[in-house]
Amino acid sequence: MGDGGGSNRNKPEWLQQYDLIGKIGEGTYGLVFLARIKSSSNRGKSIAIKKFKQSKDGDGVSPTAIREIMLLREITHENVVKLVNVHINHVDMSLYLAFDYAEHDLYEIIRHHRDKVNQSINQYTVKSLLWQLLNGLNYLHSNWIIHRDLKPSNILVMGEGEEHGVVKIADFGLARIYQAPLKPLSENGVVVTIWYRAPELLLGAKHYTSAVDMWAVGCIFAELLTLKPLFQGAEVKATPNPFQLDQLDKIFKVLGHPTLEKWPSLANLPHWQQDTQHIQAHKYDNTSLYSVVHLSPKSPAYDLLSKMLEYDPRKRITAAQALEHEYFKIEPQPGRNAFVPCQPGETFVNYPTRPVDTTTDFEGTTSMQSSQPVSSGAAVSGSMPGSHVSNRSVPRPMNVSGMQRIPHQAMQAYNLTSQAGMGGGMNPGGIPMQRGVPQQQLRRKDQMGMPGYPPPQKSRRI
Amino acid sequence: MADFLTSTHRAKWIFSPQQLDEKYRAANQRAKQILEKCGATLMEVDVDGSLSYPEPQITAKDGAEKHARTKSLSIEEEQCIRVFYENKLQEVCNNFRFPHKIQATALIYFKRFYLQWSVMEHQPKHIMLTCIYAACKIEENHVSAEELGKGISQDHQMILNNEMIVYQSLEFDLIVYAPYRSVEGFINDMEEFCNAGDDQLQMLKTLQMTARSEVDKMMLTDAPLLFPPGQLALAALYNSNAFHKVIDFDSYLGSMFSRQNSMHTISELFESLNAIDSLVRKYKVPSDKELKHINRKLKSCWGHSTHDESKKREKKSKHKSKKSSNEAQTMPSLV
């Protein structure tokens, strides 16, 4: 590897349009980097680049990456993260997804209030965050997409700029279209935080409905109010899909035991039926949700929350209904910039910028020459030029002496938004190609206004 | 998924007949030029996923001779090859008992792929299998490449080698709308329209079955690239109803139009239905003799037969050895 490996020296062309700042996240799927655009038209614009790990040998291109791309290609909404570009590293068949960068997320915001400023999030901000989250979710659900992995760290909020304080739902790696039967998460071999998991899933329901997302929103709402996870169960780690007794117990303790009267289809759920852990044994009666979240049982906020945390998924409030709830009609009313209330006088918090690990390069390898502390987030923001990172990213000329042929670019940009089409990505040999895409764009043969594409289920929850 | 009206399928992948001709012509033309320049047209997908055309023939005499011998495929001949492999694709999917949806998705991928490329550039057998593999992945019916390859006794590595180029050629627009669900939707609508009793419900079931096999036929033509799935479904139902005579189709369409603000008139719709019908009627599978002849030409375009075979074997043996990114990036490709 020496001075950081070949990645810097033979920097692929697509990478040269960015200044790499550093690593900002890591998950089972791979790594997320912060980068800035170099080109004059968008100079300095921040981009989050999600690098997907190569999938298992013999499995081809990562299905998670492909699924995320295919969904994001079809959807556009202010409260859903925007996919700007897809880059391919042909060397290891890995995919790099470029998104508009969001400086904040609910996980960091909640943590900041809990650990740093020691004060709850103001009501305007809570309400605006929740409203926008529901707004994005309503869009997804009306497009038959279930997110399946909503949690605070997946709910992003834009930093300073034109979209300051705007919520963006992110991470669609587990999202599914729900016309087709959905396989349980465990079958996909994916690990998901259990704290936001709906009770029907914990009890072994085989099929997902959009109601699982609403449960997660309820949990997130409560967490925004109290700054701690509502149902913080201890996860049973086993495969496949172990029964999460402690998580259910945490839920029952707060919401009371579910009953067949309130939730008739409970009887059909595998874990309830089998009752191997005696979950049917009635333990908790007193529901104390309002005291846990410090709300008056008569307040609209409590009313909305309890409707999101309804046991029976069929009775649980939908995103569309939630948006119409009285909570959003009373003062303070939700706004587009969740951080800065329209009415002056309200105090608001300045959130820290995201911590950036500037020691990690795109290959995920840590460079030897820098040993900056990882947590020095503030030091990174807005002071990039001159740092060692940009020095490193200067492409060095490649030694091609003696070679007649032009080295190909191992990575090719695939510009999705500009519809530049086949130009860059498809034509490594430099052969002139027809650029058909712009014309394709113009021609829109209209679908007849007819029930040509029916909703997947006739009996959709109203 | 989602909404067809806002889909990439509707926005980018439904063409006019002229646009379609233009695309086929352009791909054919490009392959022709490559053939003249290089003496062969097949692109190699290397282990690192990069693409390259064959090396140009440098020795003028040898090259000239070879070029004189090798003739490129005509647009019509390319069409025959695609038709052949689309039938093969259906066959493979049937053998694996994949759901209809997967077959339809794979077929649409295959068609879209060959809007960008000529069959002279990418072997349709490989692309066909890769399209099936990709469709399985997208439709959550994951089948490993190895399994798929085994099922038809093919080396699965070529599926994996081609996977990325397929996604790229599809511009990552991977959600496609097959007409089967639309048929279902119309049948539901018809049940309500004629307030169907048990007898009629049974007849509508028959209508649906026949319409589905009508759609199967359409999926082998260019129709899916020319018309939205709703119209394809309606055309299939129209034909099916002409046979079974279950409902009064004209008054059904009339009621449909009265219920919705359509951007089209009934006569425009009929024009589309007729056009779809004539595509199905004109469809023909090339004879074995024709295919044999075209295949021979195609193989010589690919440069199969001469020294290229040994080169190919050499490449294959490299498959397993993973090179470091550094090496692979500096590896030259051809321009």
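**Notes on the predicted two-chain model**

1. Let's begin with helix 2 of chain B, residues 17-38. Its 22 residues should span 32 Å at 1.5 Å a residue, and the C-alpha atoms at its two ends are indeed 32 Å apart, so expectation and model agree. Please keep in mind throughout that this is a predicted model.

2. Which residues of helix 2 of chain B are buried? The list runs from B:Gln19 and B:Leu20 through B:Lys23, B:Tyr24, B:Ala26, B:Ala27, B:Asn28, B:Arg30 and B:Ala31 to B:Ile34, B:Leu35 and B:Cys38. Just past the helix comes B:Gly39, with a positive phi of about 85 degrees.

3. Now to strand 3 of chain A, residues 46-52. Buried residues make up 7 of its 7, so the rest of the structure largely encloses this strand. Both faces take part: A:Ser46, A:Ala48, A:Lys50 and A:Phe52 point one way, A:Ile47, A:Ile49 and A:Lys51 point the other way, and all are buried. You may like to look at the two lysines here, A:Lys50 and A:Lys51, which point in opposite directions from the strand.

4. Strand 3 of chain A also has pairing partners. Strand 2 of chain A (residues 30-37) runs antiparallel to it and is joined to it by 7 bridges; within this pairing, A:Val32 is partnered with A:Lys50. Strand 5 of chain A (residues 94-100) pairs with strand 3 over 5 bridges, again in the antiparallel sense, and there A:Phe99 stands opposite A:Ala48.

5. On to the nonpolar cores. The largest one has 206 residues, and A:Leu95, A:Leu134, A:Phe221, A:Met308 and B:Ile132 have the most contacts inside it. Helix 6 of chain A (residues 211-226) gives the most to this core, namely 11 residues. A second core, separate from it, has 14 residues, including A:Leu31, A:Ala35, A:Val84 and A:Ala98.

6. What does A:Leu95 touch beyond its neighbours within four places in sequence? In chain A its contacts include A:Lys50, A:Lys51, A:Phe52, A:Val61, A:Ile66 and A:Ile88, and from chain B come B:Met164 and B:Phe172.

7. Finally, B:Tyr167, found in helix 8 of chain B (residues 157-169). Its relative accessibility is 0%, so B:Tyr167 counts as buried. Setting aside residues up to four places away in sequence, B:Tyr167 touches A:Val61 and A:Ile66 in chain A, along with B:Ala134, B:Lys137, B:Phe172 and B:Leu174 in chain B. Its side chain also makes a polar contact of 2.6 Å with that of B:Glu163. B:Thr130 is 37 residues away along the chain, yet its C-alpha atom is 9.8 Å from that of B:Tyr167.

Technical notes: Residues are numbered from 1 along each chain as its sequence is written. Chains are lettered from A and ligands numbered from 1 in the order in which they are written. This is a predicted model: local features need pLDDT of at least 70, side-chain atom pairs count only at pLDDT 80 or more; totals for chains, interfaces and linings use all residues. Side-chain values use heavy atoms; hydrogens and water are left out. Helices (H or I, at least four residues) and strands (E, at least two) are DSSP runs, numbered from the N terminus. The expected span of a helix is 1.5 Å times one less than its number of residues. Buried means under 20% relative accessible area, exposed over 50%, partly exposed in between (1.4 Å probe, protein chains only). A nonpolar core is a set of buried Ala, Val, Leu, Ile, Met, Phe, Trp, Tyr and Cys residues joined through side-chain atoms within 4.5 Å. Contact means heavy atoms within 4.5 Å. Two strands pair if DSSP finds at least two bridges between them. A polar contact is a pair of N or O atoms within 3.5 Å; within protein, one must be able to donate a hydrogen and the other to accept it, and residues adjacent in sequence count only if both atoms are side-chain atoms.
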